[in-house]
Amino acid sequence: MPSLPKWSGVFPAVVTQMHQDQSLDLASSASHFEALIQSGISGLIVCGSLGENQCLQPDEKRAVLQCAIDTAKGRIPVLSGVAEMSTRAAIQYMQDGAQLGAAGFMVMPPMVYKSDPRETEHWFRTLAKATPLPWMLYNNPVGYHTDVTPEMFAQLADISNLTSIKESSANSRRITELRNLVGDRYQLFTGVDDLILECSILGIDGWVAGSGIAFPQENQKLWDLTRAGKWDEARTLYRWMQPLMKLDTHIHFVQYIKLLCQETGLGKEWCRDPRLPLAGAERNQVLTIIRDSLAKRPA
């Protein structure tokens with residue numbers, strides 16, 4: 001069996017571009033994917049939380065994935081989020097994604113149903129058998145109320161194609177806890193934008209970026225600075241980015257980041273119901289944060 005790739009670097013989780021009538025805008029998605037690729041990213045993740053996976057129809061998820069694969073043309077690996085309510089649907093999507101040419105997957109816990117630890121382990125072990133492709137486990141107890149603890153990752157370490165972790169518990173201690181418990185068994189990615197500096201210092205392999213899809217050049221530059229250990233320069237750039245990164249930590253993060261993409265010319269704000277475009281004081285407040293930050297954008 002050939003060895004599985006070791007993913008590292010910036011793997012942005014992208015929005016799903018839509019028209020105002022909420023239909024897919026695949027042409028705009030392709031343009032956005034290309035802009036991200038040109039910035040120097042190492043991989044691309046479609047149909048994650050930011051990609052409104054749970055609000056897409058089955059055929060739409062496959063269309064977005066196909067669009068990304070066609071745009072990438074093998075230059076970078078394209079992963080798809082797996083966010084389903086049933087094991088059967090998740091297995092079918094993973095098998096279909098493999099046939100389309102996905103390089104791997106980012107697998108979330110069961111949607112809607114809050115699984116206990118035994119059920120959570122069963123879910124991930126069952127899905128791991130659905131494909132020989134590598135996959136990343138997305139741990140986000142803040143958003144999905146299911147926590148895969150470092151001890152559970154130690155138990156899952158025998159799953160050969162579980163290669164990576166997207167750690168989004170918002171607890172940077174987890175990076176060191178995982179390293180102490182399982183060493184370099186997994187490639188560790190942070191999934192919380194405004195913890196990128198802390199997690200980089202603690203030792204990570206990659207970053208599943210969110211808000212940075214709206215300013216990909218600066219986002220990639222920050223990552224490169226952390227790799228080079230240029231912490232003073234990284235801190236200066238991070239301080240400019242931080243108010244924009246904070247937009248990724250709100251319950252309306254999809255609307256916030258889509259609006260941010262619109263302000264930087266990399267998309268439109270349209271979302272799929274039940275999400276609605278921002279309105280009133282909240283919209284004004286977010287626009288103020290965005291425009292104040294962009295006015296100070298580094299040269």
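Here is a short chat about helix 4 and strand 5 in a predicted model.

Colleague: What are the ground rules for the numbers?
Modeller: Residues count from 1 along each chain as its sequence is written, and side-chain values use heavy atoms, with hydrogens and water left out. As this is a predicted model, local features need pLDDT of at least 70, while totals for chains, interfaces and linings use all residues, and side-chain atom pairs count only at pLDDT 80 or more.

Colleague: Which residues of helix 4 are exposed, on the other side from the buried ones?
Modeller: Helices here are DSSP runs of H or I with at least four residues, strands are E runs of at least two, and both are numbered from the N terminus. Buried means under 20% relative accessible area, exposed over 50%, and partly exposed in between (1.4 Å probe, protein chains only). Thr 120, Trp 123, Phe 124, Leu 127 and Ala 128 are buried, and they cover an arc of only 130 degrees around the axis (taken from the directions from the helix axis to the C-beta atoms), which puts them on the same side of helix 4. On the other side, the exposed ones are Arg 118 and His 122.

Colleague: How many residues of strand 5 are buried?
Modeller: Both faces are covered, with Trp 135, Leu 137 and Asn 139 on one side and Met 136 and Tyr 138 on the other. Strand 5 is largely enclosed by the rest of the structure, because the buried count is five of the five.

Colleague: Which residue in strand 6 stands opposite Met 136?
Modeller: Strands pair if DSSP finds at least two bridges between them, and strand 5 and strand 6 pair in the parallel sense over five bridges. Opposite Met 136 stands Ser 164.
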